[in-house]
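Dear colleague,

I am handing over the structure below, together with notes on what came out of going through it. Please read the notes alongside the coordinates.

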Amino acid sequence: MIEEKGILFILSGPSGVGKGTVRKSLFDKDTDLKYSISMTTRPPREGEVDGVDYFFKTKEEFEDMIENNKMIEYAHYVGNYYGTPKDYVQKQLDNGNDVFLEIEVQGALQVKENFPEGVFVFLIPPSLEELKDRIISRGTETEEKVRNRLAAAKEEIEMMDYYDYVVVNDQIDTAVQTVQSIVRSEHCKRERVAIQYKKALERDES
Ligand SMILES: Nc1ncnc2c1ncn2[C@@H]1O[C@H](COP(=O)(O)OP(=O)(O)OP(=O)(O)O)[C@@H](O)[C@H]1O
Ligand SMILES: Nc1nc2c(ncn2[C@@H]2O[C@H](COP(=O)(O)O)[C@@H](O)[C@H]2O)c(=O)[nH]1
């Protein structure tokens, strides 16, 4: 009997490109995916709920998780820690469920080392001007933070070659459909491989 593990999908890209917007819209359509809620030391924004948007932790709590090897990846991004707790992701994958991470680039590259079979999707903005407008119009960051996030964005965009897919988030509906097609086609691909593998085993046994 072959245990079929779930697929790990990683959506990454610069701050403000629309990762959260795309992910929420995708989850409205694709209920089979499991979203891994990240942990962070940044304070909650207005309307954000602990355990829904993030697990909000103190620096000490976060560092304790790191020391106890309980994170799949983590990054220190523009003044705060962000990371993916290990237990939930591992359990879902072991149960055959597909898991979706929405994380920044340093973390995605760590995941690639430990889960090279993951599917890595990079979201890019139509232009840097549009990226700046999106971060500013969201209204969540101070001027200094916008500057820091844009500086990080320029370095992050250079890393897109490490990803399996690059999707331009110009029109939101098109970007969501593209990510949904990637999820579906990767799923079909793995199912096909599993079927071929089972057939090969059956042939060997007979
Ligand atoms: N295709 C799009 N066209 C225009 N505006 C968009 C588009 N996609 C997202 N936005 C807007 O851009 C802003 C940033 O989007 P969002 O918060 O989803 O980005 P993000 O990549 O998740 O950011 P962060 O990494 O900082 O969490 C939001 O105000 C969102 O409504
Ligand atoms: N490496 C990780 N990055 C993460 C994780 N969760 C979110 N993020 C990314 O951090 C930045 C900033 O997020 P914000 O909510 O303060 O705007 C953004 O790019 C997120 O995608 C994580 O678990 N690991």
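Gly16 sits in the loop that joins β1 to α1, and in this predicted model it counts as buried because 23 C-beta neighbours fall inside 10 Å, where 20 or more are required. The UniProt record, an unreviewed entry, places a feature called "binding site" at Gly13, Pro14, Ser15, Gly16, Val17, Gly18, Lys19 and Gly20. The same kind of record lists residues 6-184 under "domain: Guanylate kinase-like", again from an unreviewed entry; in the model that span is 44% helix and 21% strand, and its end C-alpha atoms lie 13 Å apart.

Some residues of that annotated stretch recur around ligand 1, where 13 residues form the shell and Ser15, Gly18, Gly20, Thr21 and Arg134 come nearest. The elements giving two or more residues to this shell are α1 and α5, and by class the shell has 2 nonpolar, 8 polar and 3 charged residues.

Ligand 2 has 15 residues around it, of which Ser38, Tyr82, Ile103, Glu104 and Gly107 come nearest. At least two residues of its shell are supplied by each of β5 (71-77), β6 (80-85) and α4 (105-114), and the shell divides into 4 nonpolar, 6 polar and 5 charged residues. Where does ligand 2 lie with respect to domain 1 and domain 2? It lies between them, because domain 1 (1-33 + 98-206) and domain 2 (37-96) both give residues to its shell.

As for the interior, the largest nonpolar core holds 33 residues, among which Phe9, Ile10, Leu11, Val121, Leu123 and Val179 touch the most other members. At least two residues of this core come from each of β1 (8-12), α1 (19-29), β7 (99-102), α4, β8 (119-124), α5 (128-138) and α7 (172-205), with β8 giving the largest share, 6 residues. In soluble globular proteins, nonpolar side chains tend to be buried together.

Two residues deserve a look for their backbone angles. Most residues other than glycine have a negative phi. Asn69, however, has a positive phi, near 55°; it is found in the loop between α2 (59-67) and β5, and it counts as exposed because it has 7 C-beta neighbours inside 10 Å. Val78 also has a positive phi, near 45°, and lies in the loop between β5 and β6; with 17 other C-beta atoms within 10 Å, Val78 is partly exposed.

Pro44 belongs to the loop between β3 (39-40) and β4 (55-56), and is it buried or exposed? With 12 other C-beta atoms within 10 Å, Pro44 is exposed, since the cut-off for that class is 12 or fewer. Its C-alpha atom is separated by 33 Å from that of Arg184, which is 140 residues away along the chain.

On confidence, the mean pLDDT of the protein chain is 94, with 99% of its residues reaching 70 or more, and the model scores ipTM 0.98 and pTM 0.94. Where pLDDT is low, the predicted coordinates should not be read in detail.

With best wishes

How values were computed:
Residues are numbered from 1 along each chain as its sequence is written. Chains are lettered from A and ligands numbered from 1 in the order in which they are written. This is a predicted model: local features need pLDDT of at least 70, side-chain atom pairs count only at pLDDT 80 or more; totals for chains, interfaces and linings use all residues. A residue is near a molecule or strand if its C-beta atom, placed from the backbone, lies within 6 Å of it. Helices (H or I, at least four residues) and strands (E, at least two) are DSSP runs, numbered from the N terminus. Ala, Val, Leu, Ile, Met, Phe, Trp, Tyr, Cys and Pro count as nonpolar, Asp, Glu, Lys and Arg as charged, and the others, Gly among them, as polar. Domain bounds come from an automatic or database domain assignment. pLDDT is the predictor's confidence in each residue, from 0 to 100. UniProt positions are given in the numbering used here, feature names are shortened, and annotations may be inferred rather than shown by experiment. A nonpolar core is a set of buried Ala, Val, Leu, Ile, Met, Phe, Trp, Tyr and Cys residues joined through C-beta atoms within 7 Å.
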